[in-house]
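Here are my notes on the fold, set out as numbered points. Please read them alongside the model.

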Amino acid sequence: MRILFTTQPGLGHFHPLIPLAGALRDAGHEVAFACPAPFAPHVRAVGFAHFPAGIDWVETGIYDTFPALRALPRATGGAWRATYVHTYIFAHATARRTLPDLLALGETWMPDLVVRGTEEYAGCVAAEHWGIPHASVQCTANNTYDFRLALAAQMDMLRESVGLPPDPTVAMLYRYLHLSATPPALLPPDAALAPTAHSMRPMPFDRSGDEELPAWAAMLPDCPIVYATLGTVFNQARPVFEAILAALRDEPITLILTVGRTVDPAEFGPQAGNVHIERYIPQTLILPRCDAVVTHGGINTVLAALTHGKPLVLLPMGADHFVNARGCEAMGAGWSVGADSRTPEVIREAVRGVLGDASYRENAERARDGFASLPGLEEAVTWLERLAAGKGPLIAE
């Protein structure tokens, strides 16, 4: 079976798809990714075929590609900006340029099934034009089933462009199968689930490069270890990094700060011996050694931390961060610091809190144990094989 994955050109969108794509490949299926050409090195680095589709951009350069985004106010919770990104950038500007490339690809490499990240909106339209089933994989916590209605106008424009009839309830987005590794506790309050939603175990992936543990990781002292990251898009916020360093460099801990592949650690100057600044360390390698995580609250980092049973201090900055922060607090596994109080003193208090109160670790470990009971990749592969064979919706039981 041929399976085409479609994704936005960002690691936060791409990484959640890789374990599933790898499991399908291991099961004997032919797997390829379609996404913008500049993102091809990331796809090929993990061993998958790449087909260029859409405008030439990567999400780390979103402000260069869509400069109007800079002028938008940062509304409370980031909801207004998130709606703009989804409706204008993802469902309109990038999807309308991606769809023709997908249709052209179908003339030479026709898939039997399309699997899209939830922020990529052209793949499902191409699939319905071809008359084949499609599935979605949850990549953020704020793009929920209810949110589909906000995209009605954009999705109908895409459908009309290929001769498909209107879809006023936007049923297309979740018509056949939706896979979600995001636990309900991390979804917005009262969020409805798609009838085709199937929960699965989080499978964090972060080995898209050749990075390994630094040599100093083998000689860490016997003290609490705190790992801090702002992900792969929000890592341009240097003042937040500076606040984290000011908050924690004098604490009786080891601080491990990763600033992203596009940032030079030397920019932050000399550091004390208990502070290690690196561009990138795979979280699956460093998290088992940590006692707490300080993060912007991106879903991939949050799920990785909880999968390892680590409590979090969350500094939400946009996207789905605010939803994830509220969810972690509701679970008792995290301490959220608002944008207006993101000072070294408040960050220090939060880190001391999650390290000093055992309930944060216990609740994070409870989440970890709950994840382990969910269906894994083998079941997900079976669902997709059933979908491709039966070509009908897989309604959740």
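1. In what order do the strands of the open sheet lie, and is the pairing parallel or antiparallel? The order is β3-β2-β1-β4-β5-β6-β7, 7 strands in total, and the pairing is parallel. Strands (E, at least two residues) and helices (H or I, at least four) are DSSP runs numbered from the N terminus, and two strands pair if DSSP finds at least two bridges between them.

2. This is a predicted model: local features need pLDDT of at least 70 and side-chain atom pairs pLDDT 80 or more, while totals for chains, interfaces and linings use all residues. Residues are numbered from 1 along each chain, and side-chain values use heavy atoms, without hydrogens or water.

3. β3 (49-52) and β7 (197-199) are the edge strands; each has a single partner, so one side of each lacks a neighbour in the sheet. β7 runs parallel to β6 (residues 177-180), joined by 3 bridges. Leu-179 has His-198 of β7 as its bridge partner.

4. The largest nonpolar core (buried Ala, Val, Leu, Ile, Met, Phe, Trp, Tyr and Cys residues joined through side-chain atoms within 4.5 Å; buried means under 20% relative accessible area, 1.4 Å probe, protein chains only) has 42 residues. Val-125 and Met-155 are among those with the most contacts inside it. Helix α5 (79-106) is one of the elements that supply at least two residues, and α5 gives the most, with 9.

5. Apart from this core lies another, of 33 residues, including Phe-33 and Val-115.

6. Val-125 touches (heavy atoms within 4.5 Å) Leu-99, Met-155 and Leu-158, among others, not counting residues up to four places away in sequence.

Technical notes. Buried means under 20% relative accessible area, exposed over 50%, partly exposed in between (1.4 Å probe, protein chains only).
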